[in-house]
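Reader: Please take one part of this model and examine it closely, setting out its neighbours in order. Then place it against a few other parts of the chain.

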Amino acid sequence: MKQRKRFYAFILLVMCVGMAGISHSSSSFADPTEEDDSIVTLASDPELKLQRFRTESWHTGGATDSLQATDITDGSTATWWHSNWGVGSGSTAAGPYYIDLDYGTVKDISQIELDKRAGGTGYQIFEVRVFIHGDTGATWPNGQSVTDYFAANADKTAIASDFDDAGWEEVTGLSPVGLGGSGTTQTVSIPLTDVKSRYVRLEVTCVNPPAETPTFTVVSEIRAFGTGPAYTAGLESALSAAQAVQVDIVKSEDGCDVASGVKWATTAEFKALTDAQAAANAVLATPDVPQSEIDAATAALVKATTDFDNAVNDVLKLIRYRTESWYSAGADKTEPGDLDDGQTTTYWHSNFSTGTSGSGGTAAGPHLVDLDFGELMSITQIELDKRSGRTPQQISNVRVWVHPEVGDLWPNGQKVDNYFIAGVAQSDIEEDFKPDGWVEVEDPPTVGLGGSSQTQTVAIDLAGVESRYVRLEVTCVDPPNNTLAVVAVSEIRAFGVKAADRSVLKTALDAAAAAPTGVVVAENGLNVDPAKQWVTQAELDALNAAKEEAECAYGTDGLCQTDVADAAAKLQAAITTFNNAKEAGTKPSKTALESALSAAQAAQVDVAKSEDGCDVASGVKWATAAEFKALADAQAAANAVLTSTEVTQAEVDAATAALAKATVDFNKAVNNEMPLDRFRTQSWYTAAGGDKTDPGDLTDGSTTTYWHSNYGSGSNGSGSPVKQPYFIDLDYGELMDITQIELDKRSGREHQQISEVLMWIHPDVGDTWPNGEAVNQNGGYFATGVPQAAINSDFGMEGWIPVSFSSSGLGGTGTTQTVTISLTDIQARYVRLQVKCIVNPALNQMDAEAVAVSEIRAFGTKAVDKTALAGAITTATSAPTGVKVSTDGTDVDPWNTWVTQAELDALNAAKEAAQCVLDADGVCQVDVDQATKDLQDAITTFEKAKKDGLKPVVIPVPAGVGPGSAEAASLTPLVGFAGTILLLLVLMRRRSWVK
């Protein structure tokens, strides 16, 4: 790769045309600074922008007077330009004292201001003469270039003649203000009238009061005010420089697609410069644009051009470096800083061996230079320039090492910051230069060795070696004998680009390594638990192959950023494919099902089987055969799923849920908790805040929610309680034998204790109240969740019967409280509770409070149904109606039925037995059902026992009528008719028997 050349032409052009001033160390051309808004002027016109200026040479002696011309435009009165003394420090400086100014274009100048030196009463400005120049172009009448004139170098010994150019015209009739003042600060203001010029010359005379003897000139600041066209030459030059800097530069995102030796810049870097060019051209094309905008556009474009040029130049910035100690005696007094000062006339010279000096000794080797580029670089080439001006000391060999470390510690723990102590010679250099870890670059191609010319550049091609640290071992010889010589190296340069950022690829590699963690290899996942994931072997192999390829790219030096991005994207795609291939194991988890089976089994322990509990001892839990069967069926279904190897997780979950529900249902049946069909409360408190509740909270199974009765009119929770009872009406759907009712108070509050509970039941069991109002959920009395407007009358339904009971849990002061109401021989479908609450008794506040009830539960069983038994008794009572008691029926007319006394007694006995069961309290449903069956059987037997009477029917015959007589013959039809009537009566009686 060719040596990169900095853009010197661009820098020179911008310095000469676009910037005004010169360095005080090498020229009397000074560069004015930005305007300082802190300076208050007397002029109404804007301050003119000074493009460049020139003064006589300045005083450079003394501790405080070593000041320079640039101080007259730095915006500070604490600094100043001091004209030079005459010969000797005691002499008065030779005058006159000139300052020539260039404002770039012809201006209407209305005022000039000069500030004297601040901080002393001496050095007063005594006189100021003003000259203008008729020329407006870039050449003086004597042919001298104005650019050259204002770029004059160094102090002038014949300053007067140098400043005595033809064409200056003095402005007369001036009336300066502020001259001769004796204060510590002084501003001289010179109003001007009809003065038009580009160039202005000031001749300043200072005196030293009180004698007012002329002395040297001291001026702190100079300002001019006026109007006129903006100076655009600097902006035009900056535009030309911006265009020139892009010549032969190609566009690339990382330089990987650019041939060696070709300069390049990124799309973003090109755009940044072209945007600045567009902005500058827009300013340049704007009529009457202020000078401040011209200057701002110029500065912005100069910066953008510099940034672009720095980006294009692929010479790596050397952050710091270190060499062996250097030779410091004689004419060859050099130092390591000469290695990168950009000059071939300076150089680093290795030290001679101990006891030798000058040219008489052989240098001790090896000669090492360690370089630090600050971050990981992809290095394509290193160049070394030999010492200029000497034929001997040719570079005969260069070895290159790189270091794998990129951080700030060597492997031995030594800080890199301490190792690279710039400019410090080490006494024990051999050991100090041997931190572990250096890896030599094997046989890099080297060009330029062994030359014998006055100049020599050695180029070492490294083909994208990536390293932050580089070590060079240089060997020099003295031709023609090729004897070893000390090392004299003028410059070292490295070329390349910042190494590709591999972080995205490293992240992808880490993700690829983590992706298979916990994943099982399987054919179909049937043997993998659902909590785990699985893939096939082929899917895992594909990921590993992509990871190996990415690892190979990651370890390759000189990798382009696009290559890194491509490798990372390819690996990420493989990771995504692998992750998408992961499936949850299909082996169902049966842990929950096993737990459900254990719970179902435990629920049946010590539970007796009974149809109504009548045959179970007091205190023993029981369930019906149907309830046992329902749970057993669910267990059987669950066991079938548990033992099956073909079921899915969904089937296992369904069996688990079904068994859990069956177990809950069984437990409820065992505990005789009565399902509440519907209920109703008074209206509830609905104000915002923690007490916003509703009646549904009474049965939601949570003690953290509750029903809160409403407050009285005008109260808001902290006011007076409602002066009315607090009712809750319950409907269990059918007649129940109720053994216990429980109420939970509001949880989490010490106050609002349940202090009293009254209870009523309603004799009705149907769906209509005595007043005819419907009891239903769709608009009737139990319209759940609807606040009632006339709650008192609405809750004052007739027919409620008070119930006496014993309760426990009243008056508790804990945060939880359950009130238990134990009941005996209570049968009802409808229950009314009136609850009274008080605040915490510990607070001595016993007045009635609003009611807050969390949960209500009732326990019992369905009441015994004697309806069928009562019907059978009614039937048995009417069965003997019209039936005769007879021994054989011969005394009973054929149209009547008869039974024996024993048959009637059997029916009556069955009826009496049934009546006893009907009248008995606490009788079981099975006994009622059996008594009903026995009575119905007795009725059936009695009905079958009914028989027609067998008493003969006698028809009387009139006297004189005999057999064969004519009278008898005439009676025959009558007898037949009578027999027919008798037969019909018998048949009708028999039909009633069948019925």
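**Strand β4 and its partners**

Author: In this predicted model, strand β4 and strand β9 (residues 218-227) run antiparallel and are joined by eight bridges. Within that pairing, I112 has A224 of β9 standing opposite. Strand β7, which spans residues 187-208, also runs antiparallel to β4, and 14 bridges join these two strands. Here D100 faces R201 of β7. A further antiparallel neighbour is strand β2, made up of residues 52-55 and linked to β4 through four bridges. In this pairing, F53 of β2 has L101 of β4 as its bridge partner.

These pairings may be read together with the burial of the strand. Strand β4 covers residues 97-116, and 17 of its 20 residues are buried, so the strand is largely enclosed by the rest of the structure. Buried here stands for a relative accessible area under 20%.

A second sheet may be set beside this strand. In an open sheet of three strands, the order is β21-β22-β23 and the pairing is mixed. The edges are held by β21 (519-521) and β23 (583-584); each has a single partner strand, so one side of each is left without a neighbour in the sheet. The pairing of β23 with strand β22 (residues 533-535) is antiparallel and rests on two bridges. One bridge places Q533 with A584 of β23.

Further along the chain, attention turns to side-chain packing. The largest nonpolar core contains 31 residues, and those with the most contacts inside it are I741, L743, M759, V831 and L833. Two or more of its residues come from each of β28 (727-745), β29 (753-762), β32 (818-838) and β34 (852-862). Of these, β32 contributes the most, with nine residues. The contacts of I741, leaving aside residues up to four places away in sequence, include M759, V819, I821, L823, V831 and L833, as well as R857 and A858. Another core lies apart from this one; it has 30 residues, including Y321, W326, L462 and V470. In soluble globular proteins, nonpolar side chains tend to be buried together.

A last point concerns a helix. T875 lies in helix α16, which runs over residues 867-878, and T875 is partly exposed, with a relative accessible area of 40%. Its C-alpha is 7.7 Å from that of I939, although T875 and I939 are 64 residues apart in sequence.

How values were computed. Residues are numbered from 1 along each chain as its sequence is written. This is a predicted model: local features need pLDDT of at least 70, side-chain atom pairs count only at pLDDT 80 or more; totals for chains, interfaces and linings use all residues. Side-chain values use heavy atoms; hydrogens and water are left out. A nonpolar core is a set of buried Ala, Val, Leu, Ile, Met, Phe, Trp, Tyr and Cys residues joined through side-chain atoms within 4.5 Å. Buried means under 20% relative accessible area, exposed over 50%, partly exposed in between (1.4 Å probe, protein chains only). Contact means heavy atoms within 4.5 Å. Two strands pair if DSSP finds at least two bridges between them.
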